[in-house]
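Work through the exercises below with the model open beside the text. Each one sets a task and then solves it in steps.

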Amino acid sequence: MIPEILFPPDGLLPAIVQDVSTGRVLMLGYMNQESLRQTLERRRVVFWSRSRNKLWEKGETSGNGLVLEDLRVDCDGDAILLLTSPLGPTCHTGLESCFDTASFEGVRPGFEVWANLGKTLKTRWDASPDESYVASLLKAPVEKSARKVVEESCEVLVEMVKSNDEEALRGEWADLFFHVRVAMERSHVTFDEVMKVLDGRTGRGGLAEKASRKKKGDMGGS
């Protein structure tokens with residue numbers, strides 16, 4: 001249920017658009033009551049254009065629309081967060097986000113690094129295994145990428161137990177995360193799919209979760 005929304009005297013609320021898969025902030029727009037109603041009804045993001053003084057659906061000319069996945073209202077009821085699946089670059093410049101400009105400190109959020117890694121890995125399907133390490137894993141039998149995950153996991157464990165070198169440990173964790181991401185790509189499992197499984201376990205105790213999985217396994221073998 002959506003909390004009460006307090007429209008200001010001019011009738012326009014700031015609406016922050018976020019990519020539901022990556023967490024990246026894509027743009028800022030403005031909504032009045034009618035654009036909000038249409039957005040909720042059609043599941044396509046519709047704004048109020050302050051320059052043209054009319055409703056406009058994002059992507060109505062470019063095709064780069066925004067599919068509404070969820071909506072949240074801030075604690076004061078005077079701003080909206082739109083969780084969306086973009087159908088293409090959001091910015092009119094062709095960039096993925098209107099905030100893809102030079103940053104003040106050059107800090108890249110972790111979710112952005114992870115999302116960019118996923119995009120890079122997808123391009124490696126077209127690369128030659130002789131020229132790309134990732135391509136050599138993606139185009140090999142799945143056992144090869146699986147073995148790399150096991151190998152990197154063991155290296156993390158060894159570093160955790162036998163070393164006090166925090167930098168080396170971070171490096172081993174990075175290697176493991178990288179190869180897990182490659183293995184996910186190789187097995188065609190997406191980050192969103194994994195997160196939905198984890199979200200479904202929220203509020204359930206770990207012991208209860210393990211017991212339910214064991215029970216399902218027993219049923220499957222009967």
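**Exercise 1. Burial of a charged side chain**

Determine whether Arg24 is buried or exposed.

Solution. Arg24 has a relative accessible area of 8% and is therefore buried, on a scale where buried means under 20% relative accessible area, exposed means over 50%, and partly exposed lies in between (1.4 Å probe, protein chains only). The model is a predicted one, in which local features need pLDDT of at least 70 and side-chain atom pairs count only at pLDDT 80 or more, whereas totals for chains, interfaces and linings use all residues. Residues are numbered from 1 along each chain as its sequence is written, and side-chain values use heavy atoms, with hydrogens and water left out.

**Exercise 2. The salt bridges of Arg24**

Identify which parts of the chain are tied together by the salt bridge that Arg24 forms with Glu96, and then treat the pair of Glu112 and Arg24 in the same manner.

Solution. Begin with the criterion: a salt bridge is a side-chain nitrogen of Lys or Arg within 4 Å of a carboxyl oxygen of Asp or Glu. The structure holds 12 salt bridges. In the one between Arg24 and Glu96, the closest N and O atoms are 3.3 Å apart. Arg24 sits in the loop between strand 1 (13–19) and strand 2 (25–31), while Glu96 belongs to the loop between strand 6 (80–86) and helix 2 (110–123), so this pair ties together parts that are 72 residues apart in sequence. Helices (H or I, at least four residues) and strands (E, at least two) are DSSP runs, numbered from the N terminus. Glu96, at 23% relative accessibility, counts as partly exposed.

Next, take Glu112, whose salt bridge with Arg24 likewise has its closest N and O atoms 3.3 Å apart. Because Glu112 lies in helix 2 and Arg24 in the loop between strand 1 and strand 2, the pair ties together parts that are 88 residues apart in sequence. Both Glu112 and Arg24 are buried.

**Exercise 3. A bridge within one helix, and a network**

State how many residues separate Glu34 and Arg37, and name the residues that shared salt-bridge partners join into one network.

Solution. Glu34 and Arg37 form a salt bridge in which the closest N and O atoms are 2.6 Å apart. Both residues lie in helix 1 (residues 33–42), 3 residues apart, which is about one turn of the helix. Glu34 is partly exposed at 30% relative accessibility, and Arg37 is partly exposed with a relative accessible area of 39%. As for the network, salt bridges that share partners join Arg24, Glu96, Asp100, Glu112 and Lys119.

**Exercise 4. Cysteines**

Work out how many disulfides the structure has.

Solution. A disulfide is a covalent bond between the sulfur atoms of two cysteines; here the criterion is a pair of cysteine sulfur atoms within 2.5 Å. By this rule the count is 0. Cys91 is in no disulfide, its nearest cysteine sulfur, that of Cys98, being 3.9 Å away. Cys91 counts as buried at 9% relative accessibility, whereas Cys75, at 79%, counts as exposed.

**Exercise 5. The largest pocket and the domains**

Explain why the largest pocket lies between domain 1 and domain 2.

Solution. The domain assignment of the protein chain gives domain 1 (13–86) and domain 2 (110–189), with bounds that come from an automatic or database domain assignment. Their C-alpha centres lie 35 Å apart.

The largest pocket has a volume of about 570 Å³. A pocket is found on a 1 Å grid over the protein atoms alone, as an open set of points where a 1.4 Å probe fits, with protein on both sides within 12 Å along at least five of seven lines, and lining residues have an atom within 4 Å of a point. Grid points are joined across faces, edges and corners, and the volume is the space filled by probe spheres set on the points.

Of the 26 lining residues, those closest to the pocket centre are Ser21, Thr22, Ala115, Lys119 and Arg181. Helix 2 supplies the largest share of the lining, 7 residues. Both domains give residues to the lining, so the pocket lies between them.
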